[in-house]
Structures are given as C-alpha cells and as structure tokens.
Amino acid sequence: MLRHLPGLLLLLWQLLLLPPPAVPGPLDRPGFLKLGTRGPGGSPGRRPAPAAPTGTPYSGAGQHGGARGAGVCKSMPLDLVFIIDSSRSVRPLEFTKVKTFVSRVIDTLDIGPADTRVAVVNYASTVKIEFHLQTHSDKQSLKQAVARITPLSTGTMSGLAIQTAMDEAFTVEAGARGPASNIPKVAIIVTDGRPQDQVNEVAARAQASGIELYAVGVDRADMESLRMMASEPLDEHVFYVETYGVIEKLSSRFQETFCALDPCALGTHQCQHVCVSDGEGKHHCECSQGYSLNADKKTCSVINKCALNTHGCEHICVNDRTGSYHCECYEGYTLNEDRKTCSAQDQCALGTHDCQHICVNDRAGSHHCECYEGYTLNEDKKTCSVHNQCALGSHGCQHICVNDGAASYHCDCYTGYTLNEDKKTCSAIAEARRLISTEDACACGATLAFQDKVSSYLQRLNTKLDDILEKLQANEYGQIHR
C-alpha cells in the first residue's frame with residue numbers, strides 16, 4: 001500500500017489541478033518526464049511548439065482534445081506502431097487501461113491512407129502483430145481492433161518486440177510508406193517491467209533505420225532500459241506514470257507531440273485574403289475571386305478583367321471594386337438579358353427624343369430631329385423655327401405664295417391674271433379685255449355676261465385650289481407621322 005502512495009498522490013493532483021507534491025523516487029534525475037510535467041515539447045523532426053498568442057483559441061496539453069480540438073493544429077501524417085507489453089505482470093484491468101490509452105492517442109490523430117496509419121505489436125515472451133499499418137484506414141475500425149486485443153503470457157521480450165516491429169511492421173509490404181514520402185516512422189513502446197533480452201543494440205538499429213522511439217514506463221518499469229530504448233533527446237521521448245490508472249492521460253501529451261501548428265488557425269499567416277492549410281504546419285495564401293496573388297505570395301491585387309479582353313461585353317466593359325466586372329451599352333442601346341450583348345433603342349417610339357416636330361431613328365441606335373416643311377432646325381437640334389410660311393399653306397394667296405425670307409411672303413398671280421387690291425386674290429386680264437373688245441362695255445347685258453364668265457373662272461380656280469390644299473395637307477400629315 002505504501003508503495004502506491006506516491007501514485008495516488010499524483011492522481012489526486014491531476015484531478016484537483018494542484019501543483020504536484022515532491023515525491024522522491026527513481027525518476028528524480030534528468031532525462032525523464034512524469035505525467036503532469038512538461039519538457040520543451042516537440043514532435044518528430046520539429047521544433048517545440050510555440051506558445052499560442054493571446055486571444056487565439058489554443059488549449060494547451062493536459063486538456064482532453066488539446067490543441068487540435070481548438071483547431072490550431074493538425075496531426076502530421078505518421079507511420080505509427082504501438083508496441084505494448086501484455087506480460088502477466090499487467091493485470092487485465094491494467095491492460096484495458098493501456099488499450100484505452102492507445103485509443104485516445106488514435107482519437108487525436110488524422111487517420112487515413114494519406115494521413116496517419118497505425119499498427120499494433122503485442123508482446124510478452126512471444127511477439128504478435130495484431131494488425132498492420134495498411135489494415136485499417138479509419139478510426140472506428142482501428143479502435144474496434146484495439147478493443148479486441150487480449151494479453152499474451154509471461155515474459156518481457158522488449159528487444160524482440162522492437163526487432164519484429166522493425167522487420168515486419170515498418171515495411172512497405174505491411175503498409176509503411178517509403179523514404180521518398182518523408183513520412184516519419186514512430187514507435188511507442190509501453191511496458192511495466194525490465195526487459196528479459198538485450199534492448200540497447202536493437203533499439204540503436206531501429207533508430208538508425210529511421211524509426212523514432214518513444215518509451216512509456218509504468219510502475220515497476222526499469223528506467224535505465226527506457227533510456228536505452230528511447231530516441232534522443234530523452235526528455236522528449238521518455239515518459240513515466242506511477243500506475244496504469246493514469247496512463248490514458250498521456251494521450252494529450254502525445255497529441256501535442258504529433259501536432260503540426262496551423263498558421264491559418266493561429267492567425268499568423270499574413271495572408272491578405274485566404275489562408276489554406278497544407279498540413280504538417282504548412283500553408284499557402286490565395287485570393288478572393290477577381291483578385292490575383294502578388295509576387296510576395298501574401299497580398300492580392302484586383303484583376304482587370306476588362307483589360308484581359310475575356311469579358312465578352314459587346315460594347316463597354318466596366319471594372320467593379322470587387323474585382324469583377326459588368327457590361328454596359330453605348331447611348332441609344334439597351335443591355336440584353338445575357339448581360340453582355342446590346343440592342344438599339346427606338347427612342348422615337350419611346351417618346352424620349354425631345355424633338356419638337358419629327359424624330360428620325362438612325363441605324364446606329366441613335367436618332368436626330370427634323371422639322372416640318374417651312375421650318376428650320378434650331379441650334380439645339382431639337383426645336384424648330386418658321387422659315388417658309390408659303391410652305392405652311394396658311395398664307396391665303398389665291399394663286400402663288402412667294403417666300404421673302406425671314407418668315408415673310410407676298411402673293412402673286414398666274415400669267416394672265418392680276419392681283420386684286422386685297423393682295424391675295426387674282427383676276428383674269430385677257431378675258432376681261434376680250435369681253436370689253438367684243439361687247440359694249442356700257443350695255444347691261446355685256447356687263448352681266450362678263451360677271452358670269454369671271455365667276456365661272458373663279459369657281460374653277462377655287463376647285464383647283466381646294467385640290468392643291470388637300471394634297472398639301474395630306475403631305476403635311478404624312479411628314480408628322482414619319
């Protein structure tokens with residue numbers, strides 16, 4: 001009972017979040033990490049993870065879920081092999097705790113063919129590969145396979161277990177990825193006793209082959225053997241817990257170890273627009289639609305799509321502030337439903353022309369103004385002024401209207417007629433002379449005959465004038481509705 005007192009005190013400290021009591025023991029020397037202590041941190045081939053900046057949602061090691069749960073890191077791809085001691089000294093309940101520890105570490109990893117692959121080597125006096133790296137590609141099947149593992153027998157052949165992992169688990173045939181992939185090969189050995197075979201030489205060969213070894217000791221584990229098996233630096237690769245009851249809490253420590261910090265989540269990426277995580281702590285910057293990445297690979301500039309001539313606008317391309325564009329049309333045209341092509345507007349039909357008299361559509365989609373006959377277009381190109389009153393048909397001349405310019409006119413008569421005193425009507429000269437020469441001008445009969453003939457001629461002239469006026473009015477009506 002007294003032998004387990006330090007472990008119980010340590011467990012109580014974990015639960016109460018109090019500083020650990022000073023418990024003397026075999027680990028009070030450099031090169032070991034107890035549960036609850038924190039060394040420089042680190043991960044395979046990486047520097048220790050920096051402290052999260054103020055305000056970032058980073059939760060440190062020791063919390064279930066840890067940094068990855070806060071979204072600031074992603075586990076790097078690994079070929080990971082657990083080497084677990086299941087000798088008789090490990091009681092059934094304690095072995096269950098080991099499997100829980102393995103499952104919790106799996107929970108913190110990104111599992112998949114392109115991410116982390118996991119295998120388990122079970123050992124006592126014999127060695128059994130429970131499943132290979134290529135056997136399971138998802139967390140659920142992995143954890144189910146771990147749960148089915150059973151203890152083996154007596155003996156603690158740690159050296160043989162490492163050799164078997166190196167020769168059979170870390171092979172391409174078994175699912176390990178080759179050197180060209182640059183995927184770290186990591187082994188975590190968990191034991192509570194002293195190895196019954198040599199471990200220093202086989203561990204050295206494993207490390208020389210590129211395998212990074214972590215050693216987890218429990219209770220009666222031999223500390224010197226843990227140091228022989230683990231990779232350098234020892235304070236990052238050797239762990240110790242007093243009892244199996246708290247070993248599962250080490251999962252958060254390995255979570256931090258295998259974490260690749262995500263600059264996108266940390267907000268340290270300096271990307272102006274979009275930060276894209278590439279895994280393993282790497283990232284690259286991208287730009288929002290309508291922008292292009294500058295030479296510094298961080299800032300963005302608006303793409304001038306109009307200048308690229310790929311816009312498809314029939315008339316005018318207009319750049320927008322968002323980096324996109326829209327099409328517009330020349331004056332007199334409207335944008336079609338496809339938002340790119342244009343159709344000519346009939347401004348004369350729309351009534352938006354402002355012409356005082358006549359609006360004429362042009363082929364170019366524009367228009368111009370014209371005036372009725374007798375009017376001239378003013379300088380504003382829209383209004384009209386009287387120019388030829390004779391053409392208006394309102395002059396009152398019986399025979400001929402003569403335009404004098406400046407909106408004035410006078411009346412004239414056809415040949416053989418003379419203008420009367422009203423300056424508008426005309427009388428026939430030749431007929432009057434003939435009547436006077438052939439008949440007695442003083443006779444009443446001659447006078448009546450002359451009057452009758454003059455009236456007859458006037459009626460015929462009026463009829464002709466009426467025909468001319470009707471034609472002029474018809475022509476004017478046609479000009480208005482052009």
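**From a strand tyrosine to the packed helices**

At a relative accessibility of 24%, Tyr325 counts as partly exposed, because that class covers values from 20% to 50%. The model in which this value was computed is a predicted one. Tyr325 is found in strand E15, which comprises residues 325–328. Its C-alpha atom is separated by 9.7 Å from that of Ile303, a residue 22 places away along the chain. When residues up to four places away in sequence are set aside, Tyr325 touches Lys305, Cys306, His311, Cys313, Cys317, Val318, Asn319, Asp320 and Lys340. Three cysteines are thus listed by name among its contacts, namely Cys306, Cys313 and Cys317.

A second strand residue may be read in the same manner. His284 is found in strand E11, residues 282–286, and is partly exposed, with a relative accessible area of 30%. Between His284 and Gln270 there are 14 positions in sequence and 10.0 Å in space, taken from C-alpha to C-alpha. Apart from its neighbours within four places in sequence, His284 is in contact with Cys271, Val274, Cys275, Val276 and Asp278.

These two residues belong to a chain of 482 residues, 40% of which are buried. The secondary structure of the chain amounts to 14 helices and 25 strands. Of the contacts between residues at least 6 apart in sequence, 54% join residues at least 24 apart. The accessible surface of the chain is about 26,100 Å², and carbon and sulfur atoms account for 53% of that surface.

The helices offer two packed pairs for inspection. In one of them, helix H3 (residues 92–107) and helix H4 (residues 139–147) have axes that come within 9 Å and cross at roughly 170 degrees. The two helices are therefore roughly antiparallel to each other, since angles over 145 degrees are placed in that class. On the H3 side the contact is formed by Lys99, Val102, Ser103, Ile106 and Asp107, which meet Lys139, Leu142, Lys143, Val146 and Ala147 of H4. The residues of this contact comprise five nonpolar, one polar and four charged.

The other pair consists of helix H5 (residues 158–169) and helix H6 (residues 200–208), which pack at an angle of about 20 degrees with their axes 9 Å apart. This angle makes H5 roughly parallel to H6, because values under 35 degrees count as such. The crossing of H5 past H6 is left-handed. Gly159, Ile162, Gln163 and Met166 represent H5 in the contact, and their partners in H6 are Val202, Arg205 and Ala206. By class, the residues of this contact are four nonpolar, two polar and one charged.

H5 is mostly covered, with nine of its 12 residues buried. The buried residues are Ser158, Gly159, Ala161, Ile162, Gln163, Thr164, Ala165, Met166 and Ala169. Gly159, Ile162, Gln163 and Met166, which meet H6, appear in that list of buried residues.

The loop between H4 and H5 contains Thr156. This threonine is buried, with a relative accessible area of 8%. With residues up to four places away in sequence left out, Thr156 touches Asp85, Ser87, Tyr123, Ala124, Ser125, Thr191, Arg194, Pro195, Gln196 and Asp197.

Several points in the loops concern backbone geometry. Most residues other than glycine have a negative phi, and most peptide bonds are trans. Asp219, which is not a glycine, nevertheless has a positive phi, near 55 degrees. Asp219 is found in the loop between strand E7 (211–218) and H7, and at 18% relative accessibility this aspartate counts as buried. Lys423 likewise has a positive phi, of about 65 degrees, although it is not a glycine. The loop that holds Lys423 lies between strand E24 (417–419) and strand E25 (426–428). At 56% relative accessibility, Lys423 counts as exposed, because the threshold for that class is over 50%.

The remaining point concerns a peptide bond. The bond from Glu232 to Pro233 is cis, with omega near -10 degrees. Pro233 has its place in the loop between helix H7 (223–229) and helix H8 (234–237). H7 thus borders both the loop of Asp219 and the loop of Pro233.

Terms used: Residues numbered from 1 in each chain as written. Predicted model: local features only at pLDDT ≥ 70, side-chain atom pairs only at ≥ 80, totals over all residues. Heavy atoms only, no water. Axes fitted to C-alpha atoms, helices over the stretch in contact; angles between N-to-C directions. Helix = DSSP H or I, 4+ residues; strand = E, 2+ residues; numbered from the N terminus. Parallel < 35°, antiparallel > 145°, perpendicular 65-115°, else oblique. Left-handed = near helix turned anticlockwise from the far one by under 90°. Contact = heavy atoms within 4.5 Å. Nonpolar A, V, L, I, M, F, W, Y, C, P; charged D, E, K, R; others polar. Buried < 20%, exposed > 50% of the residue type's maximum accessible area, 1.4 Å probe, protein only. Areas by Shrake-Rupley, 256 points an atom, 1.4 Å probe, with all protein chains shown as cover.
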